[in-house]
Amino acid sequence: MFKRILFAIPIVLTMPGTLSADSYKAPEDVLKGLIEKVDSKYLTQSEQNLMMMADNPAYWTAEDGEALFYLKRGPNNASLETCDFGKGPGVLEGAYVEMPRYFEDTGKVMDLETRLVHCMTTIQGFPKDDPAVKKRHGSGSDMMKLQTFIAGKSSGYPWNPPLNHPVEKTMRDAGKVLFYRRAGNMDFSCNTCHGATNKRIRASVLPNINVPEEWTKAISWPAFRVGHDNVRSSQHRVRGCYWQMRQGRVEAGSDASIALILYWTDAARGQPAILPDMKR
């Protein structure tokens with residue numbers, strides 16, 4: 001609890017007197033608000049997780065990420081404070097819920113992970129094969145620490161990915177096609193599991209994309225996966241879903257993965273993000 005408070009205090013202090021619908025809210029408070037709005041077996045399926053939200057181990061990962069974000073390192077001995085995540089260099093509050101988005105300096109739609117890779121290689125000068133950049137998964141990786149810290153600055157903010165640029169709309173539409181596309185030996189699509197209420201994988205209740213209050217929790221990554229004992233990212237979830245569908249592996253950071261993430265983020269538009277979340 002103590003570390004969670006330390007993580008939250010700087011966020012509040014940066015916005016004195018400005019708490020509104022678009023301000024930071026603790027993940028457990030966001031989840032409680034959603035549970036009060038809808039009767040959902042998905043949102044309430046783990047009483048233990050609800051009790052542990054305030055002491056989510058992901059807060060430790062975020063604290064490590066904060067230290068890394070401001071640390072001057074890499075061949076260029078630079079911090080990430082000049083990295084622009086869409087709201088201006090170094091502005092993190094509310095940035096993650098507006099990603100993926102188009103970036104003029106790269107001419108690409110990027111999610112948080114690919115944007116971090118861009119900044120770590122261009123600003124800090126890390127080679128792409130450096131472990132700091134290359135290792136993407138696990139609470140101990142720099143990438144997961146940084147993602148958890150940056151995303152946590154958007155807890156409670158409504159998902160709002162911009163669709164002003166034609167490429168953003170094209171990527172969102174491509175993601176929709178991927179979401180409903182049935183393929184593989186099992187002829188599954190994402191919609192097979194997430195298109196209706198009360199579907200399950202073994203004992204786990206699955207979220208329905210058509211219930212916004214469920215879907216915002218479904219896409220709230222990074223999250224501490226209790227069963228993995230690690231914090232996981234959106235890209236990791238995409239890879240896991242494709243493996244479970246027995247479809248071909250999606251390359252991390254590929255346009256296909258980002259298109260899918262943009263579609264599912266657009267589907268949760270207006271709902272508050274739970275960051276970091278805790279999942280089964």
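## The disulfide

Which residue does a disulfide join to C83? The partner is C119, and the S to S distance is 2.0 Å. Please keep in mind as you read that this is a predicted model. The structure holds one disulfide, so there is a single cysteine bridge to look for when you turn the model on your screen.

To find the two ends, start with C83 in the loop between α4 (58-70) and β1 (101-103), then go to C119 in helix α5; the pair therefore ties together parts that are 36 residues apart in sequence. The bridge also has a hand: the torsion about the S-S bond of C83 and C119 is about 70°, which makes this disulfide right-handed.

## The cavity

How many cavities of 30 Å³ or more does a search of the whole structure find? The search turns up one, and about 120 Å³ of space lies in this largest cavity. Its lining is made of 14 residues, and those closest to the centre are Y96, D111, L112, S234 and I261. If you would like a quick way to bring the cavity into view, centre your display on those five residues.

Three helices each supply at least two residues of the lining: α5 (112-122), α11 (234-244) and α12 (255-267). Of the elements around the cavity, α12 gives the most, with three residues. As for chemistry, the lining residues divide into eight nonpolar, four polar and two charged.

## Where α11 meets α12

Two of the helices that line the cavity, α11 and α12, also pack against each other, at an angle of about 100° and with their axes 10 Å apart. Because of that angle, α11 counts as roughly perpendicular to α12.

Which residues of α11 take part in this contact? They are S234, Q235, R237, V238 and Y242, and on the α12 side they meet S257, I258, L260, I261 and W264. Sorted by class, the contact of α11 with α12 has six nonpolar, three polar and one charged residues. S234 and I261 will look familiar here, since both are among the residues closest to the centre of the cavity.

## Where α8 meets α12

Helix α12 has another packing partner in α8 (166-180). The angle between α8 and α12 is about 90°, and their axes are 7 Å apart. That angle means α8 is roughly perpendicular to α12.

From α8, the contact draws on E168, M171, R172, A174, G175, K176, L178, F179 and Y180. Facing them in α12 are D255, A256, I258, A259, L260, L262, Y263 and D266. By class, this contact has eleven nonpolar, one polar and five charged residues. I258 and L260 of α12 take part here, and they also appear in the contact with α11.

## Where α4 meets α7

Now for a contact elsewhere in the chain. Helix α4 packs with helix α7 (residues 142-152) at an angle of about 100°, and their axes are 7 Å apart. The two helices are therefore roughly perpendicular to each other.

On the α4 side, the contact is made by A58, T61, A62, D64, G65, E66, L68, F69 and Y70. On the α7 side, D142, M144, K145, L146, T148, F149 and I150 take part. By class, the contact of α4 with α7 has nine nonpolar, three polar and four charged residues.

## Backbone details

A few spots in the loops deserve a look. A cis peptide bond joins M99 and P100, with omega about 0°. P100 lies in the loop between α4 and β1, and C83 of the disulfide is in that loop too.

The peptide bond from W221 to P222 is also cis, with omega near 5°. You will find P222 in the loop between α10 (212-218) and β5 (223-225).

Where does D187 lie? This residue is in the loop between α8 and α9 (190-194). Phi of D187 is near 55°, a positive value in a residue other than glycine.

Note on methods. Residues numbered from 1 in each chain as written. Predicted model: local features only at pLDDT ≥ 70, side-chain atom pairs only at ≥ 80, totals over all residues. Heavy atoms only, no water. 1 Å grid on protein atoms, 1.4 Å probe; cavity = no way out; pocket = protein on both sides within 12 Å on 5 of 7 lines; lining within 4 Å. Points joined across faces, edges and corners; volume = space filled by probe spheres on them. Helix = DSSP H or I, 4+ residues; strand = E, 2+ residues; numbered from the N terminus. Nonpolar A, V, L, I, M, F, W, Y, C, P; charged D, E, K, R; others polar. Axes fitted to C-alpha atoms, helices over the stretch in contact; angles between N-to-C directions. Parallel < 35°, antiparallel > 145°, perpendicular 65-115°, else oblique. Contact = heavy atoms within 4.5 Å. Disulfide = S-S within 2.5 Å.
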